[in-house]
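Got your viewer open and your selection box ready? Load the structure below, and we'll walk through it stop by stop.

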Amino acid sequence: VVLHVFPHVTQKMIASFLAEMSAVKCRAGLAVDLKTNPKVILSNLKELDTVFVMGIPVATHGLQPDAITISRLAEVKSMIREKNVQCRLGLDGGVNIATFPKLLKHVDELVIGSLLFDAPDMVTQWRLLQSY
């Protein structure tokens, strides 16, 4: 289960979310919004299964992650290496057929919603993505 961490989300909210996920034995993750400083997750990193960096604004499509997104990924990857090497790093947003192979080297997981579900043939698209 993933909590989207917008700028207004407090440490208390994150702690409450993580406690609830632990109580029901769910793996917990956080998705760091574009307008949120990634360092907000640092104190909770040991409890996380996955951290997603948002690559584009919520509810937008067709945009591509920029150099700032790649820099944010590197920053979060560094925090993960320091605090919880078992935590997986993901990117949500801006993944299309052109960016998919380039982004693979930066993350463990990619959210590929529209890349897969908007494809004319999902099975063919899935096979293509698996070939990378």
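Start by selecting Asn84 and Lys46: a polar atom of the Asn84 side chain sits 3.5 Å from the backbone oxygen of Lys46. Keep in mind throughout that this is a predicted model.

**Stop 1: around Asn84**

Keep Asn84 selected and add Leu45. Here the backbone oxygen of Leu45 is 2.9 Å from a polar atom of the Asn84 side chain. So what does Asn84 touch, if you skip residues up to four places away in sequence? Leu45, Lys46, Leu48 and Met79 are the ones to show as sticks.

Now turn on the cartoon to see where you are in the chain. Asn84 belongs to the loop that runs from helix 2 (67–83) to strand 4 (88–92). Is Asn84 buried or exposed? It is buried, because its relative accessibility is 10% and the cut-off for buried is under 20%. For a distance label, pick the C-alpha atoms of Asn84 and Glu47: they are 37 residues apart along the chain, with 8.2 Å separating them in space.

**Stop 2: the whole chain**

Zoom out and color by secondary structure. You should find five helices and five strands, and walking from the N terminus the order is β-α-β-β-α-β-α-β-α-α. Draw a box along the principal axes, and the C-alpha trace spans about 45 × 30 × 30 Å. The radius of gyration is 15 Å, which agrees with the value near 14 Å for a compact globule of 132 residues.

Switch to a surface next. About 7,800 Å² of the protein is accessible, and carbon and sulfur atoms account for 58% of that area. Of the 132 residues, 39% are buried. If you like contact maps, look at pairs with a separation of 6 or more: 54% of those contacts join residues 24 or more positions apart. For the charges, mark the mean position of the 14 positive ones and that of the 12 negative ones; the two points are 5 Å apart.

**Stop 3: Leu91 in strand 4**

Back to sticks, and select Leu91, which lies in strand 4. Leu91 counts as buried because its relative accessibility is 0%. Its neighbor list, leaving out residues within four places in sequence, is a good one to display: Phe52, Val53, Met54, Gly55, Pro65, Thr69, Leu73, Leu103, Val107, Glu109, Leu110 and Val111 are in contact with it. Take Val107 from that list and measure C-alpha to C-alpha: Leu91 and Val107 are 6.8 Å apart in space and 16 residues apart in sequence.

**Stop 4: a loop with an unusual torsion label**

Which residue has a positive phi although it is not a glycine? Select Lys25, where phi is about 60 degrees. You'll find Lys25 in the loop between helix 1 (11–23) and strand 2 (29–32). With 76% relative accessibility, Lys25 counts as exposed, so the surface view works for this one: the cut-off for exposed is over 50%.

**Stop 5: helices 4 and 5**

Go to Gly113, part of helix 4 (residues 113–117). Gly113 is partly exposed, because its relative accessible area is 28% and the partly exposed range falls between 20% and 50%. Add Asn96 for a distance: C-alpha to C-alpha, Gly113 and Asn96 are 9.4 Å apart, with their positions 17 residues apart in sequence.

Last pick: Gln125, in helix 5 (residues 122–130). Gln125 counts as buried, with 15% relative accessibility. Setting aside neighbors within four places in sequence, the contacts of Gln125 are Ile97, Leu115, Leu116 and Ala119. To finish, stretch a ruler from Gln125 to Ser78: the C-alpha atoms are 32 Å apart, and the two residues are 47 apart in sequence.

Definitions and conventions: Residues numbered from 1 in each chain as written. Predicted model: local features only at pLDDT ≥ 70, side-chain atom pairs only at ≥ 80, totals over all residues. Heavy atoms only, no water. Helix = DSSP H or I, 4+ residues; strand = E, 2+ residues; numbered from the N terminus. Rg over C-alpha atoms; globule rule 2.2 N^0.38 Å. Buried < 20%, exposed > 50% of the residue type's maximum accessible area, 1.4 Å probe, protein only. Contact = heavy atoms within 4.5 Å. Areas by Shrake-Rupley, 256 points an atom, 1.4 Å probe, with all protein chains shown as cover. Lys, Arg positive; Asp, Glu negative; His and termini not counted. Charge placed at Lys NZ, Arg CZ, Asp CG, Glu CD. Polar contact = N/O pair within 3.5 Å; in protein donor to acceptor, adjacent residues only side chain to side chain.
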